[in-house]
Amino acid sequence: MSSSPPQRFRPAGIDPAEVKTLAKRVRGPVLTPEDEDYDTERAGYQLARQHRPDLVVGATGAADVRAAVDFARTHALPVAVQGTGHASAGIAGVGGVLINTARMTGVRVDPEAGTAWVAAGTRWDEVIHEAAPAGLAPLSGSYPGLAVVPYTLAGGLGLLSRRYGYAADHVRSIDVVTADGRLRHVTEESYPDLFWGLRGGRDNFGVVTGIEIGLVPITTIYGGSLQFPGELSAEVFDTYLRWTATVPDEMSSSIMQMSYPDIPAFPESLRGRQVVHVRIAYAADVLDAAENLVEPLRALGPMSDTLGELPYTEAGSIYADPPFPGSIEAGTALLGELDSTAVRAILDLAPPRTAVPHIFELRHLGGRLALPPAAANAVGNREARYLFNVVSRLERADITEIRPAHRRMLEALRPWSTGGRLLNFMNGEDSAKEVRSAYEPKDYQRLTEIKAVYDPDNTFRLNHNIPPANPGPHSSSSGAEDRRDSH
């Protein structure tokens, strides 16, 4: 049974009979807070910030999505979109219509074209599995259980990114239901502004039902992790920063310090300790140079070393991200070049000196990430050299301790900050300033103008929201409204 308190269902003053009418149009479930499966349907990976909508629609395909959007528009309700894996509805809140795309799965690989068409609720592990027999791989994230669509349209920083760029850079076409209820097939030729904006603006312009992505000719990588005791943190972080300045674009990596709880779920050697992890994904055409490249890190004497060649189908083992939901608080920042002073600024505010945060990480950027894609998109902040992420679990500390600890660490890194964010790593930050920081200023302005064309009432606002610009002479300059596509 639902854990929600009993209440009389009156979503935004809507007659329950109208909800029943919607349910007859939709193949998937249409649930209200009174329904038994409501909490299950709305649940996401992030348990600390959960949306409580008036209605949840478990869409099974584009027709269900169109019906849900039509209903929301008719009743002036905002719309949120939720997928699989780590995907969430963007921000916590009450009200509106939540469209869950988890049932919309499917992959079609075209080996000759080197592409895959992927339905909205599909996870990366499904794409990896289907692409592997053709000798291809997607630009997937570190966790293979991630939902392809929200990850990709938020940018998509993954294991092959320094060699190939953001996943958003490799999108060929997008099927999306816009606020007017139309299903549009969006390409660079058919809807150039919308194609540009969706790749980086994610769910601000509609509900994406499927995308076509480019695959890359990767079957085997050199990867794994090195683990070091927390007592070596300063030396390992310093060495890692120097090392990243020398590696080729084929080398993607990150460094993380984790404070392990003293519980039986972890090996005894890790319980109650701080451990530094360096994660490696080397994706060159020839892997012979890998051992020499990682030697400066190995020379520090790791207590665990899993580096070696592995098929891309096992690439999820590198980060070994937890597959289960959790209540977490996180913060993030994009950084420029770093030095030992930056390392000290981080470590002085980390365990064992303080009780929180529990995890903090640097991901090496640059390489192809720093270059513009063949087809321009809205993903910003390409000049950043590192991404910093700090995470704490709420079951291990109170939010009143966690948030100040995160703020102190982010403030200490301010001298190295670019001022930007990456949408993939924004964990509920939804202020206008924080959302704008994910984009270049001129690109953000263009996004608001595209929003004014396709969602002038800001129906899709329960997210990291980009509001529509005031109507002006440039708001529909692409002429996209003349090329409507409903199928």
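User: Let's start with Leu369: is it buried or exposed?
Analyst: Keep in mind that this is a predicted model. Leu369 sits in the loop between β18 (359–364) and β19 (386–393). Buried means under 20% relative accessible area. Leu369 has a relative accessible area of 2%, so it counts as buried.

User: Which residues is Leu369 in contact with, leaving aside its neighbours within four places in sequence?
Analyst: Here's what surrounds that loop residue. The C-alpha atom of Leu369 is separated by 9.4 Å from that of Asp249, and the two residues are 120 apart along the chain. As for contacts, with those neighbours left aside, they are Leu157, Ser161, Arg162, Gly165, Tyr166 and Arg382.

User: On to the sheets. What is the strand order in the open sheet of five strands?
Analyst: Strands of a sheet pair through backbone hydrogen bonds, either parallel or antiparallel. In this sheet the pairing is antiparallel. β7 (107–110) and β10 (183–186) each pair on one side only, so they are the edge strands. Read across, the order is β7-β8-β11-β9-β10.

User: How many bridges join β8 to β11?
Analyst: Strand β8 covers residues 115–119 and runs antiparallel to β11. Along this pairing, Trp117 stands opposite Glu212, and Ala119 has Gly210 as its bridge partner in β11. The number of bridges joining β8 to β11 is five.

User: And which residue in β11 is the bridge partner of Ser173?
Analyst: Take strand β9 (residues 171–177), which pairs with β11 in the antiparallel sense over six bridges. Glu212 in β11 already turned up opposite Trp117. For Ser173, the bridge partner in β11 is Glu212.

User: Why is β11 described as largely enclosed by the rest of the structure?
Analyst: β11 takes up residues 207–214, which makes eight residues to look at. In the sheet order, β11 stands between β8 and β9. It is called largely enclosed because the buried residues number seven of the eight.

User: Which helix packs on that sheet, touching β7, β8 and β11?
Analyst: Across the sheet, the twist averages 10 degrees from one strand to the next. The helix in question spans residues 124–131, and its direction makes about 35 degrees with that of β7. That helix is α4.

User: There's also an open sheet of four strands. Which strands are at its edges?
Analyst: The order here is β1-β3-β6-β4, with mixed pairing. An edge strand pairs on one side only, and that holds for β1 (30–31) and β4 (79–82).

User: Which residue in β6 does Gln82 stand opposite?
Analyst: β4 and strand β6 (residues 97–100) pair in the parallel sense over four bridges. Within β6, the residue opposite Gln82 is Asn100.

User: What angle does the direction of α3 make with that of β6?
Analyst: Helix α3 (residues 62–74) packs on this sheet. It touches β3 (55–58), β4 and β6. The angle with the direction of β6 is about 170 degrees.

User: Last one, on the helices: is α8 roughly parallel or antiparallel to α9?
Analyst: Helix α8 (residues 233–244) and helix α9 (residues 290–298) have axes that come within 9 Å and cross at roughly 155 degrees. Angles over 145 count as roughly antiparallel. So α8 is roughly antiparallel to α9.

User: And how many of the residues in the contact of α8 with α9 are nonpolar?
Analyst: From α8 come Thr239, Tyr240 and Trp243, which meet Leu293, Val294, Pro296 and Leu297 in α9. Among the residues of this contact, one is polar and none is charged, and the nonpolar ones number six.

Key
Residues numbered from 1 in each chain as written. Predicted model: local features only at pLDDT ≥ 70, side-chain atom pairs only at ≥ 80, totals over all residues. Heavy atoms only, no water. Axes fitted to C-alpha atoms, helices over the stretch in contact; angles between N-to-C directions. Helix = DSSP H or I, 4+ residues; strand = E, 2+ residues; numbered from the N terminus. Parallel < 35°, antiparallel > 145°, perpendicular 65-115°, else oblique. Contact = heavy atoms within 4.5 Å. Nonpolar A, V, L, I, M, F, W, Y, C, P; charged D, E, K, R; others polar. Buried < 20%, exposed > 50% of the residue type's maximum accessible area, 1.4 Å probe, protein only. Pairing = 2+ DSSP bridges.
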